[in-house]
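Trainee: Could we go through this structure together? I would like to know what stands behind the terms we use for it.

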Amino acid sequence: MLKKLFIFLFLILITVYLVMAVTVMNGKPNDQTCSGMELVIKDSIDYGFISKREVLRLLNNKKLSPIGKPMGEINTRQLEDELRQHPLIGNAECYRTSSNRIGIEITQRLPILRVMAANGENYYIDDKAHLMPIPNSAANVAIVTGYVDKAFAAKELYEFGMFLQKHPLWKAQIQQINVTAAKELELVPQVGDHIIFLGKPNNYENKFDRLETFYKRGLNEVGWNKYSHISLEFDNQIICTKKEK
């Protein structure tokens with residue numbers, strides 16, 4: 001009986017302690033001052049589009065730096081909204097820490113293609129089909145040239161860029177995409193002295209399956225520089241043009 005009473009009292013004490021601990025943690029005075037920021041740019045190893053210094057300068061210019069402000073007056077949602085408007089930031093998450101600091105985690109936008117159009121426009125297409133400006137550091141992605149307008153870039157080229165992202169072989173092999181006046185695609189590969197004519201930007205899986213088979217069974221036998229032009233335009237066939245001697 002005494003044992004049961006002891007266990008019951010022990011459980012009550014634990015419950016009271018937990019309630020008090022949570023109350024103390026959640027009841028910190030809102031007028032405590034923010035002592036600093038814990039700023040993390042998650043993908044900074046892969047891309048150096050935006051630096052911590054630039055983020056701090058942005059917040060200072062907008063008078064949104066939380067440092068020195070009462071914790072209760074800091075609007076983390078406003079910080080997130082402002083940071084997400086930056087053309088090189090894909091997402092931002094802001095939160096309060098237990099040490100009276102503001103944590104900020106930033107994810108940069110992920111470029112999948114770079115457009116250098118005949119009309120002089122120069123920008124990246126990211127993995128959300130948005131166009132983004134050229135940052136100070138370059139990304140290792142295929143370059144698109146030729147007759148490109150922004151509508152074509154945000155749809156057809158975006159879809160092709162995402163296809164390349166999902167297929168490491170072709171992402172590594174295709175270094176340039178030229179768009180003709182008829183909105184057909186010509187591809188310049190990393191390996192092989194030939195042009196791949198894709199035709200209209202569609203049916204990628206079928207076209208590149210044929211190309212992979214031709215690479216393995218054809219070019220590996222006759223040589224990678226035998227042809228100047230390889231066309232995948234028509235279904236179920238590959239048309240090759242030999243180099244002139």
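Mentor: Happy to. Let us start with a definition: two strands pair if DSSP finds at least two bridges between them. Keep in mind that this is a predicted model.

Trainee: What makes β10 and β11 a pair, then?

Mentor: Strand β10 (residues 195-199) and strand β11 (residues 227-231) share three bridges, in the parallel sense. The cut-off is at least two bridges, so three bridges qualify them as paired. Within this pair, F197 stands opposite S231 in β11.

Trainee: Which sheet do they belong to, and why are β6 and β12 called edge strands?

Mentor: The sheet is open, has nine strands and mixed pairing, and follows the order β6-β5-β4-β7-β8-β9-β10-β11-β12. β6 (131-132) and β12 (239-242) each have a single partner strand, so one side of each lacks a neighbour in the sheet. Helix α4 packs on this sheet, and β4 (111-117) and β10 are among the strands touched. The direction of α4 makes about 135° with that of β4.

Trainee: What is the order of the three-stranded sheet, and why do β1 and β2 count as its edges?

Mentor: The order is β1-β3-β2, in an open sheet with mixed pairing. β1 (36-41) and β2 (89-96) have a single partner strand each, so one side of each has no neighbour in the sheet. From one strand to the next, the twist averages 15°.

Trainee: How do you know that the pairing there is mixed?

Mentor: Look at both partners of β3. β1 and β3 run parallel, joined by six bridges, whereas β2 and β3 (residues 101-108) run antiparallel, joined by seven bridges. I104 of β3 is the bridge partner of L39 and also of C94. Elsewhere along β3, E105 stands opposite E93, and Q108 is the bridge partner of I89. The hairpin of β2 and β3 has four residues between the strands, and N100 there takes a positive phi near 60°.

Trainee: Which helices lie against this sheet?

Mentor: Helix α2 (residues 52-61) packs on the sheet and touches β1 and β3, with its direction at about 130° to that of β1. Helix α3 (residues 76-84) lies across β2 and β3 and runs at about 165° to β2. Since angles over 145 degrees count as roughly antiparallel, α3 is roughly antiparallel to β2.

Trainee: Why is α4 called oblique to α6?

Mentor: Helix α4 (residues 150-166) and helix α6 (residues 204-222) pack at about 50°, with their axes 11 Å apart. Roughly parallel needs an angle under 35 degrees, and roughly perpendicular takes 65 to 115. An angle of about 50° fits neither class, so α4 is oblique to α6. The crossing is right-handed.

Trainee: What makes up the contact between them?

Mentor: α4 brings E156, E159, F160 and F163, and α6 brings Y204, E205 and F208. These contact residues divide into four nonpolar, no polar and three charged.

Trainee: Why is the pair of F160 and Y204 called tilted?

Mentor: Their ring centres are 5.0 Å apart, and the limit for a pair is within 6.5 Å, so they qualify. The planes stand at 35°; stacked needs under 30 degrees and edge-to-face over 60, so tilted is the class that remains. F160 in helix α4 and Y204 in helix α6 are 44 residues apart, linking distant parts of the chain. In the whole structure, a search finds nine aromatic pairs.

How values were computed. Residues are numbered from 1 along each chain as its sequence is written. This is a predicted model: local features need pLDDT of at least 70, side-chain atom pairs count only at pLDDT 80 or more; totals for chains, interfaces and linings use all residues. Side-chain values use heavy atoms; hydrogens and water are left out. Helices (H or I, at least four residues) and strands (E, at least two) are DSSP runs, numbered from the N terminus. Axes are lines fitted to C-alpha atoms, for helices over the stretch in contact, and angles run from 0 to 180 degrees between N-to-C directions. Contact means heavy atoms within 4.5 Å. A crossing is left-handed if the near helix is turned anticlockwise from the far one by less than a right angle, and right-handed if clockwise. Ala, Val, Leu, Ile, Met, Phe, Trp, Tyr, Cys and Pro count as nonpolar, Asp, Glu, Lys and Arg as charged, and the others, Gly among them, as polar. Rings of Phe, Tyr and Trp (its six-membered ring) pair if their centres lie within 6.5 Å; planes under 30 degrees apart count as stacked, over 60 as edge-to-face and the rest as tilted.
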